[in-house]
Amino acid sequence: MTIRGTAALWGVLAVAAATGLFLLKYEVIALEGKLERVTEDIEADRRAIHVLRAEWSYLNEPDALDRLVGRHLDLVPVGPERMTVLDAIPLRPRPPAVDQAGAALPFDPVRPPRVLYPGTTHAIPLPGEKPTVLADAATMRTEP
Amino acid sequence: MIPTLFRRQKDRAPFLYPGAEIGALPGDRPRQPARVQLSVEGQAKAAVEVGRNRLAITAAMFAIAFCVIAGRLVDLMALNGGEAAARAAQAGPVAEAVVHRADIVDRNGVVLATNLPTAHLYADAQAVLDPDEAARRLLDVLPDLDYATTRKRLASGRRFIYLRRHLTPTQQDAVLRLGLPGLEFEPAERRVYPQGHLAAHVLGATDVDNRGIAGIERAFHDRLNADMRPVRLSLDVRVQHAVRDVLAEAVDRFSAIAGVGLVMDVKTGELLAMVSLPDYAPEAYGHAPADARFNRATLGVYEMGSTFKLLNTALGMEVGGFRPTDGFDATKPLRMAGFTINDYHAEARWLTVAEILVHSSNIGSAQMALKVGGPAQKAFLDRLGLLSPLSIELPEAGAPLYPEPWRPINTVTISYGHGVAVTPVHLANAIAPLVNGGEYRPATLLRQDPDAPPPGRRVLAPATAQAMRGLMRMVVTEGTGGKADVPGYLVGGKTGTAEKSGDGGYRRKALMPSFVAAFPMDNPRYVVLAMLDEPQGIKETHGFATAGWNAAPTVGAIIARVAPILGVRPRGPAPDPTTEVRLATAAGGGTGGRDRAPQ
């Protein structure tokens, strides 16, 4: 290989490296700017979350809720006389399923709303916790 | 490049003297004349050699340097930078806390105390153009400022003078919109208590510089500033609210000076609620009267009265070896050291250990304590933590008062709760082993791991604890504590009405009734204590101001409110709603009627 060829090869390599570095540098600068913006957004969100958590706690102060409930709703604290276990509730009796002519109709129980996962909910919801989900009961225990 | 040089070196023809190339044969490789070389000899030759060596070394060093740079470039670009990338990835700004003091939360994570970012407004008075106008416009957005003071500050010519501390973001925005030169902001933080009065005495307070000056804020001051993870208390805001609500109503109804309410988990020692009334707004601690700042639950020491008879009965059975059926003579008042011990509910006959407790007989308790003896009584109370300062995570921890030396007359009075003054938390903490099978765990305000409760110290035989549970239930079903009963929750407890000591004696009319209870008695989970300071007799209580008439129903009301929250299921035959109502509930309201079974 001639000297000229070698020099040309090295020249090309040098220009390529310089171009690569140039592009890399600007890409890094652009990424840094983006990172800074994202970081600022995160910081702002975290500050907002912090303040909102305090506000949420303030708005859920039991005393204030008590007054609001007393003013607007007909609710009273759950007393022991309102608590029982699921097994203590009697089974639904079979309805008198007869049509006008007196013939028996196929049994069709009314499907009431049912509390999903009753064991996992608190007797009184914790402040900040989602209320219990109501869903249509797919099955309802019925007296045979 | 380096191999090329070598090859060129190798291709060079052998040496010819000048002119000898002429004699070369045709067709032979063209031969070149030897270069005319300067003949250097001696010193000059050595100098050239040195120069060449230095050049070679320099070249080698440059080569190495370029190799290193090249290697590093390849490493950064192709191999992803190694440790640099790792460093960039880990140095996330996300780890930084928003504020400089950690939150305090309840056992469920509800925020009880937190820092909020605010801004101090200050003026660079030299940059203010027109103090009059600036003060007037500033007052439009901050009406609580004083015009004259603000104007004076703006005209003071000082480079830094505070106008108002702790602006909310909205106020800061409003001030910024004025566009007045010379008004600057300094970022700050302010401690806020979103739940207000609710847990005031537990949380304590902070001063203007957010330094803890009372309660948990003071006890955990360094921890709160060092570690931004929230401090999780054992309190439950729902229980705390229920207790405070009921207690406030009781204090109000009986015109009491003050009240204390406690709910304690007997299996872990956690305090789920701790209320001392009157209380204060933690933000305005400095303006609260000393009476409201005083934590009666942990700092105030009181002679607790007959509730101590529970401990005396446990002492008799555990140390004295008595059985609930053993009898003591309570036929006549006991005279001792110039005092006469009487019974409030006098039965004037021999009483069994159980009856002494149920009828709250001072004479019987004194007889039993005298049989066991003073030193054993003192050791027993000490074992239950009643003679040592309260070990709780608050700076406001009271030290008990007890007689020294411990004379027989002290043994007698202490048996029914006079002569030893303890905090209400002391008492609740000492009652817990009586119902939890005999294990003492110090009361705590920090949440404990429910799966790994702190190890308890055995202070009572399980048999004694079992018997105590039955006796406590009897006090409610047959004795003085009937008004504390809540159907389904098997409440057991003991009333206590102490006379407050005044100058040189007890004041007959100044009473401190208290009631300490546990529920449900078949497997006690919680100890509940209520205490009122100087309640008055009212029409509904037929003028009585003793514990059975005020503290006991207060505890009953507390249990009725908190038991459903704590998930304690009512026992036994529940008050039975009719089948129709149950079906209506199950069917979801209105459809119930249609599904009703024909009777």
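What volume does the largest cavity have? In this predicted model, the answer comes to about 50 Å³. The residues around the largest cavity are Phe308(B), Leu311(B), Asn312(B), Leu315(B), Gln377(B), Phe380(B), Leu381(B), Ile414(B) and Ser415(B). Sorted by class, that makes six nonpolar and three polar residues, with no charged ones. Three helices of chain B each put at least two residues into this lining: helix 12 (308–318), helix 15 (374–383) and helix 16. Helix 12 of chain B is the top contributor, with four residues.

The cavity count stands at two, taking those of 30 Å³ or more. The second largest cavity has a volume of about 30 Å³, and its lining is made up of His197(B), Leu198(B), Ala199(B), Ala200(B), His201(B), Gln240(B), Met274(B), Val275(B), Ser276(B) and Asp279(B). Here the classes split into five nonpolar, four polar and one charged. Helix 7 (200–203) and strand 9 of chain B each bring at least two residues to the wall of the second largest cavity, and strand 9 gives the most, with three.

Strand 9 also belongs to a sheet. Five strands of chain B form this open sheet in the order 9-8-20-19-18, and their pairing is antiparallel. Strand 9 (271–277) and strand 18 of chain B sit at the edges with a single partner strand each, so one side of each has no neighbour in the sheet. From one strand to the next, the twist averages 15 degrees.

Going through the sheet pair by pair, strand 8 (residues 258–265) and strand 9 of chain B are held in antiparallel register by six bridges. Within this pair, Gly259(B) lies opposite Leu277(B) of strand 9. Two helices of chain B pack on the sheet. Helix 18 (residues 462–478) of chain B touches strand 18 and strand 19, and its direction makes about 80 degrees with that of strand 18. Helix 19 (residues 551–565) of chain B touches strand 8, strand 19 and strand 20 (526–533), with its direction at about 25 degrees to that of strand 19.

Toward the other edge, strand 18 and strand 19 of chain B run antiparallel and share 10 bridges. One of the residue pairs here is Gly493(B) with Ala517(B), the latter in strand 19. Strand 19 and strand 20 of chain B, antiparallel too, are joined by six bridges, and Phe519(B) has Tyr526(B) of strand 20 as its bridge partner. The link between strand 19 and strand 20 of chain B is a hairpin through six residues.

Strand 18 and strand 19 turn up again around open space. The second largest pocket holds about 1200 Å³. Its lining counts 39 residues, and Asn362(B), His418(B), Thr497(B), Glu499(B) and Arg508(B) are the closest to its centre. Elements of chain B that contribute two or more residues to this lining are strand 13 (339–341), helix 16 (408–415), strand 18 (492–502) and strand 19 (505–519). Helix 16 of chain B therefore helps line both this pocket and the largest cavity, going by the lining rule that residues have an atom within 4 Å of a point. By class, the pocket lining comprises 12 nonpolar, 20 polar and seven charged residues.

A few backbone details stand out. Leu277(B), the residue opposite Gly259(B), is joined to Pro278(B) by a cis peptide bond with omega at about -5 degrees. Pro278(B) falls in the loop between strand 9 and helix 11 (290–293) of chain B. Another cis peptide bond, between Glu404(B) and Pro405(B), has omega at about 0 degrees, and Pro405(B) belongs to the loop between helix 15 and helix 16 of chain B. Asn210(B) has a positive phi, near 60 degrees, although the residue is not a glycine. Its loop runs between strand 5 (205–206) and strand 6 (212–214) of chain B.

Finally, an unreviewed UniProt entry places a "transmembrane region" at residues 55–74 of chain B. In the model, residues 55–74 of chain B are 100% helix and 0% strand, and 28 Å separates the end C-alpha atoms.

Technical notes. Residues are numbered from 1 along each chain as its sequence is written. Chains are lettered from A and ligands numbered from 1 in the order in which they are written. This is a predicted model: local features need pLDDT of at least 70, side-chain atom pairs count only at pLDDT 80 or more; totals for chains, interfaces and linings use all residues. Side-chain values use heavy atoms; hydrogens and water are left out. UniProt positions are given in the numbering used here, feature names are shortened, and annotations may be inferred rather than shown by experiment. On a 1 Å grid over the protein atoms alone, a cavity is a set of points where a 1.4 Å probe fits but cannot get out, and a pocket is an open set with protein on both sides within 12 Å along at least five of seven lines; lining residues have an atom within 4 Å of a point. Grid points are joined across faces, edges and corners, and a volume is the space filled by probe spheres set on the points. Ala, Val, Leu, Ile, Met, Phe, Trp, Tyr, Cys and Pro count as nonpolar, Asp, Glu, Lys and Arg as charged, and the others, Gly among them, as polar. Two strands pair if DSSP finds at least two bridges between them. Axes are lines fitted to C-alpha atoms, for helices over the stretch in contact, and angles run from 0 to 180 degrees between N-to-C directions. Contact means heavy atoms within 4.5 Å.
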